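Work through the exercises below with the sequence and the model open. Each task is followed by a solution in steps.

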Amino acid sequence: MPVTNHPDYQLEKDHLEETIEWIEGEKEFLEEYEGILKERLKEIRKSVRSLTDERLIANQQLYNIATKDIGSLNRSKDNPYFGRVDFQENRREERETIYIGKYGLHDRDREVPVVVDWRAPIADIYYSSHSQEVSYKSPSGEIKGNMFLKRRYEIDEGELKEIFDDKTSEDRIEDSLKGRSGFLTEALNKTTQGRLKEIVATIQDQQNKIIRSEMIRPLVVQGVAGSGKTTIALHRMAYLIYNNRRNTDANYMVIAPNKLFLNYISDILPDLGVENVFQTTFEDWALGLLHKKIGITQSSDKLNLLMNGNTEEVETITLASRMKGSLLFKKVIDNRLKQLERSLLPSVNLSMEGIDLLTYEKIQEVFLTSSVHLSLVQRIGKLHDYLKGRLKKDIKEVHERIEAIYDQKIRTIKNQAEDIEAIRKDIIALYDERDRKLEKIKDNLPVVIEEYIGKIVQPDTFQFYRSLFDKDEELEKAFANKIGQDMYAEVCRHTLEKLIKNVYENEDLGPLAYIHIKLFGIEDRNRYAHIVVDEAQDLDEFKMSVLREISMNDSFTFVGDLSQGIYSYRGINNWEKTMEKVFKDKEYNYHLLTTSYRSTIEIVALANEVIKQCKGLEAVLAEPIFRHGEKPILHQCKDEAAVLQQMVYQIKALQQEDFGSIAVICKDLHSTEMVYECLKDQFEDIHLISDHVTDFHGGVVVIPSYLSKGLEFDGVLIHRVDPSTYADTEMDIKLLYIAITRALHRVYMYCIQERAKVLEKSREFYGVK
């Protein structure tokens, strides 16, 4: 019904206008205050001599707070809130009306919240409660009460467009949990214009539980395609930062599968008012840590080779990737590091002027037992400090030993001499020699220590890593029997050949980063209070364990979908086994998301039928929300020219329907480039997405299937679903599943005469033209 017909329309319209008026007034006040603080800072800087001056620090903090608050007001003025709850706490008479928005707004004069931040404890009842009796956890404990109204709004540029009152009666909870409210359906029926957006207004109950999960344990989210796992993970990050905001020194990190995906999700955290979160890929993070320019082969090159390469080459690449990504390989490296640790020091006593100041055995004992939590190079530094301190402390004892030696020499001369006067010069010479030696030891002791430390050969990350594949007994013992001696030799030859040319693969980066951390360490400013890992199923166990090295407290959010694990030759196939191995003896939280909010019922049905045919995968099937659309369509064409002609026609038809984003998804990069060349002159707004592209555009894109993971489009056209393109293999079925599940509203598939076997078995779930 029209929003004006809602019984509370005028009341809500008036409240919105009052809120916007308050925002404008507050903004005007803060801008004036900001200007005063700016001038005050200028004057203070003229008079202070130190950046640590208390007046400077205090006023700078006030200025920063004012600037931040102005930013929140600017972002709020056109859409200050999206929800409302009427709540009465038990044993209290007054009923509170609480408006909830992206940003908390507080009236200083009345000392009341104008809008409550969606991350605040009380906002939990808005997301998780579907009955009158509700509760939420506050810092002081659990608060119980009754919720009399839960209302959602659509506000655009300060104008009230829609009002939705949620169902709260006990017998209708299931509908609400399934997202069958008009508000959610309205939101999902809209078209997308490109980058992923925040969802604070439509967060569902299970998603809310994940977002508000405790920070102290690793969290794993297995979510079907379209379940919102990426968005949830980023909203969880925003929630944790808000609730940990007093820890101003904390660092946060998001790891995404590629730069294109980073660009795709780049708007979410800033939209939620969160800045300064380090967003990167594992590859870029590792290369930054290593501080060395090296050649990295594209993961997609390997993927394309695995799709189309010969059997022997595929087997070698697969086994090499599995070996490098395993925790057994990490164990081999740990053993080799122990060997390096024991052989690092020069096996000589620390001596000077023929005097042993410290024995090798004592120095080795100190090195092997002290500061073992530090890296090898950091421990060398600690050893250096120890030697200086120890010898400075022992210098008196050294002097006494030298004096005793010379006293003995003088007594011997005296005992042998008949005439003391005849040996007086010799005795004086010995005393002079003793004094010179004592002075020399005192003066040159630092030099002797530096020379000793200088004899230690500084370890090299890359040299250490290469040596592992060059007839290493530890590595051979660990893997030769597992994969066969001949195959082990081939894997080492294949790897060493690339490393000698300074060419590294994605799977080398986990071990290299780990070795570098163990050799050189990592500063606290490069450790993180929480790390989000998206598409985590494509991360190997070694890389997961490396991330533990840079986590302050094992606080992680891992999100992924095993059904989209196209790098399963190196990645994760079972969350439980992986977490038990990587986080041994540590509890973790696990959430399963089965509801797909992205695609229509018809698209989800086809996707489920496709993924069910993936052998060896216990696929989690998606449950669509109650949103119907057109059945997917398969176009059977006589040749490639007809395929392209049909695609051009369909793209133009979708554009006529105002579809904001349309994807032509091809299986591999070669076919993607070919199709783009054929289509680029037909459309003004068309973009080729390849491995080197980092900017995500709306409009029409032509993209390989493996790069489309995590993205979504209004309409999807899948190129060449022929038996020769999508074979009945694990990888091909997963790639087809990924392509289908990118679509919000429409799916069109194209083949030349015959369709893929996996589609033959799913005939009832799509139409044929």
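A residue counts as buried when its relative accessible area is under 20%, as exposed when that area is over 50%, and as partly exposed in between. The model used here is a predicted one.

**Exercise 1. A residue in strand β7**

Task: Decide whether Ile163 is buried or exposed, and list what Ile163 is in contact with beyond its neighbours within four places in sequence.

Solution.
Step 1. Locate the residue: Ile163 belongs to strand β7, which covers residues 159–165.
Step 2. Apply the cut-off. The relative accessible area of Ile163 is 10%, so the residue is buried, since buried means under 20%.
Step 3. Collect the contacts. With neighbours within four places set aside, Ile163 contacts Val3, His6, Tyr9, Glu12, Arg151, Arg152 and Tyr153.
Step 4. Take one of these partners and compare sequence with space. Arg151 is 12 residues from Ile163 in sequence, and their C-alpha atoms are 7.1 Å apart.

**Exercise 2. A residue in helix α20**

Task: Find which residues Leu509 touches, not counting those up to four places away in sequence, and state how far Leu509 is from Phe282 along the chain and in space.

Solution.
Step 1. Leu509 sits in helix α20, residues 506–520.
Step 2. Its relative accessibility is 0%, and Leu509 therefore counts as buried.
Step 3. The residues touched by Leu509, apart from those up to four places away, are Phe282, Glu283, Ala286, Leu287, Leu290 and Ile296.
Step 4. Phe282 and Leu509 are 227 residues apart along the chain, while their C-alpha atoms are separated by 8.3 Å.

**Exercise 3. Two further buried residues**

Task: For Gly699 and Asp107, give the strand, and then compare a sequence separation with a distance in space for each.

Solution.
Step 1. Gly699 is part of strand β23, residues 699–704. Its relative accessibility of 16% is under the cut-off, so Gly699 counts as buried.
Step 2. Gly699 touches Gly660, Ser661, Ile662 and Asp685, leaving out residues up to four places away. Ser661 lies 38 residues from Gly699 along the chain, and the two C-alpha atoms are 4.7 Å apart.
Step 3. Asp107 is in strand β3. At 6% relative accessibility, Asp107 also counts as buried.
Step 4. Beyond four places in sequence, Asp107 is in contact with Trp22, Val112 and Val114. Gly295 is 188 residues away from Asp107 in sequence and 56 Å away in space, C-alpha to C-alpha.

**Exercise 4. Positive phi outside glycine**

Task: What phi does Glu111 have, and is Glu111 buried or exposed? Repeat the analysis for Ser371.

Solution.
Step 1. Glu111 is not a glycine, but its phi is positive, about 55°.
Step 2. Glu111 is placed in the loop between β3 (105–107) and β4 (112–117). Its relative accessibility is 63%, so Glu111 counts as exposed.
Step 3. Ser371, likewise a residue other than glycine, has a positive phi near 50°.
Step 4. Ser371 is in the loop between α14 (360–369) and α15 (376–416). With 24% relative accessibility, Ser371 counts as partly exposed.

**Exercise 5. A helix pair**

Task: Describe how α24 and α25 pack, and name the residues that make the contact.

Solution.
Step 1. Helix α24 spans residues 640–656 and helix α25 spans residues 669–679; their axes are 11 Å apart and meet at an angle of about 65°.
Step 2. The crossing of α24 past α25 is right-handed.
Step 3. On α24 the contact uses Glu640, Leu644, Val648 and Ile651, and on α25 it uses Met674, Val675, Cys678 and Leu679.

**Exercise 6. The whole chain**

Task: How many helices and strands does the chain have, and what share of its residues is buried?

Solution.
Step 1. The chain has 27 helices and 26 strands.
Step 2. It has 769 residues, of which 53% count as buried.
Step 3. Among contacts with a separation of 6 or more, 75% come from residues 24 or more positions apart.
Step 4. The C-alpha trace spans about 130 × 75 × 50 Å along its principal axes. The accessible surface is about 36800 Å², with 46% belonging to carbon and sulfur atoms.
Step 5. There are 107 positive and 130 negative side chains, and the centres of the two sets are 4 Å apart.

How values were computed
Residues are numbered from 1 along each chain as its sequence is written. This is a predicted model: local features need pLDDT of at least 70, side-chain atom pairs count only at pLDDT 80 or more; totals for chains, interfaces and linings use all residues. Side-chain values use heavy atoms; hydrogens and water are left out. Helices (H or I, at least four residues) and strands (E, at least two) are DSSP runs, numbered from the N terminus. Buried means under 20% relative accessible area, exposed over 50%, partly exposed in between (1.4 Å probe, protein chains only). Contact means heavy atoms within 4.5 Å. Accessible areas come from the Shrake-Rupley method with a 1.4 Å probe; for residues, only the protein chains shown count as cover. Lys and Arg count as positive and Asp and Glu as negative; His and the chain ends are not counted. The place of a charge is taken as NZ of Lys, CZ of Arg, CG of Asp or CD of Glu. Axes are lines fitted to C-alpha atoms, for helices over the stretch in contact, and angles run from 0 to 180 degrees between N-to-C directions. A crossing is left-handed if the near helix is turned anticlockwise from the far one by less than a right angle, and right-handed if clockwise.
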